[in-house]
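Thanks for asking me to look through this one with you. My notes are below as numbered points, to be read with the model open beside them.

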Amino acid sequence: MGFTGNGLSAPKEDDDEHKGKRMHAWVLVRGRKGDPEKTMVFVEPTTGTVYPVAEAPYLSIDGIWNNKNFWVNMQAKVPIQNMSFDTLNTDFW
């Protein structure tokens, strides 16, 4: 699955005028059947670094897609670590 969102965490300076405005794409590898959300990871395509969802440096997700569909994230202002990735739940996607 691919993701678009507000990119990698901006520099730590509080005066970063572009914080939360950078667009970036990364890859989500879905977890095992039975408990996919606990075993999902993000792969940063620029470095190959693998991040468990709970440790991802990303600020938000705007949308996700695969070879069959595109989903828009309806979980406004929810940190990625607290998001549901259940794309069958139309309250969230």
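**Notes on the model**

1. Let me begin with threonine 87. Setting aside neighbours within four places in sequence, threonine 87 touches Ile64, Trp71 and Trp93. Threonine 87 sits in the segment after strand S6 (70–72). Is this residue, threonine 87, buried or exposed? With a relative accessible area of 17%, threonine 87 is buried, because buried means under 20%. Please keep in mind that this is a predicted model.

2. Now for the overall picture. The protein chain has 0 helices and 6 strands, and read along the sequence its pattern is β-β-β-β-β-β. Of the 93 residues in the protein chain, 31% are buried. The accessible surface of the protein chain comes to about 6,200 Å², and carbon and sulfur atoms account for 53% of that surface. If you take the contacts in the protein chain between residues at least 6 apart in sequence, 40% of them join residues at least 24 apart.

3. Strand S2 (residues 24–29) is a nice one to look at from both sides. Its covered face carries His24, Trp26 and Leu28, whereas Ala25, Val27 and Val29 belong to the uncovered face. Which way do S2 and strand S3 (residues 41–43) run, parallel or antiparallel? They run antiparallel, joined by 3 bridges. Within this pairing, valine 27 stands opposite valine 43 in S3.

4. The aromatic residues deserve a point of their own. How many aromatic pairs does a search of the whole structure find? The search finds 7 aromatic pairs. One of them joins tyrosine 51 and tyrosine 58 in an edge-to-face arrangement, 6.1 Å centre to centre with 85 degrees between the planes. The two partners are not covered alike: tyrosine 51 is partly exposed, at a relative accessible area of 22%, while tyrosine 58 is buried, at 4% relative accessibility. Tyrosine 51 and tyrosine 58 also belong to one aromatic cluster, together with Trp26, Phe42, Phe85 and Trp93. Two names in that cluster have come up already: Trp26 on the covered face of S2, and Trp93 as a contact of threonine 87.

5. A second pair worth finding is tryptophan 65 with phenylalanine 70. Is the pair of tryptophan 65 and phenylalanine 70 stacked or edge-to-face? The two rings are stacked, 6.4 Å centre to centre and 20 degrees between the planes. That angle counts as stacked because the planes are under 30 degrees apart. Tryptophan 65 lies in strand S5 (residues 63–65) and is partly exposed, at 32% relative accessibility. Phenylalanine 70 is likewise partly exposed, at 47% relative accessibility.

6. Tryptophan 65 and phenylalanine 70 turn up again on the surface. Which residues make the nonpolar surface patch of about 400 Å²? Trp65 and Phe70 do so, together with Val72 and Met74. Tryptophan 65, at 32%, can be part of this patch because patches are made of residues with over 30% relative accessible area.

7. Next, consider the segment after S6 and the loop between strand S4 (50–52) and S5. Proline 79 is found in that segment, and leucine 59 in that loop. Their C-alpha atoms are 7.0 Å apart, although proline 79 and leucine 59 are 20 residues apart along the chain. Proline 79 is partly exposed, with a relative accessible area of 39%, and leucine 59 is partly exposed at 33%. Leucine 59 also has its C-alpha atom 6.9 Å from that of isoleucine 80, 21 residues away along the chain.

8. Glutamate 55 lies in the loop between S4 and S5 too. Its C-alpha atom is 7.5 Å from that of glutamine 81, with their positions 26 residues apart in sequence. Glutamate 55 is exposed, with a relative accessible area of 56%.

9. Finally, a backbone detail at lysine 77. This residue, lysine 77, is in the segment after S6, and its phi is near 60 degrees, a positive value in a residue other than glycine. Lysine 77 counts as exposed because its relative accessibility is 84%.

How values were computed
Residues numbered from 1 in each chain as written. Predicted model: local features only at pLDDT ≥ 70, side-chain atom pairs only at ≥ 80, totals over all residues. Heavy atoms only, no water. Patch = residues over 30% accessible without salt bridge, like charges linked within 9 Å, V, L, I, M, F, W, Y side chains within 5 Å. Areas by Shrake-Rupley, 256 points an atom, 1.4 Å probe, with all protein chains shown as cover. Salt bridge = Lys/Arg side-chain N within 4 Å of Asp/Glu carboxyl O. Helix = DSSP H or I, 4+ residues; strand = E, 2+ residues; numbered from the N terminus. Buried < 20%, exposed > 50% of the residue type's maximum accessible area, 1.4 Å probe, protein only. Phe/Tyr/Trp six-rings, centres within 6.5 Å; stacked < 30°, edge-to-face > 60°. Contact = heavy atoms within 4.5 Å. Pairing = 2+ DSSP bridges.
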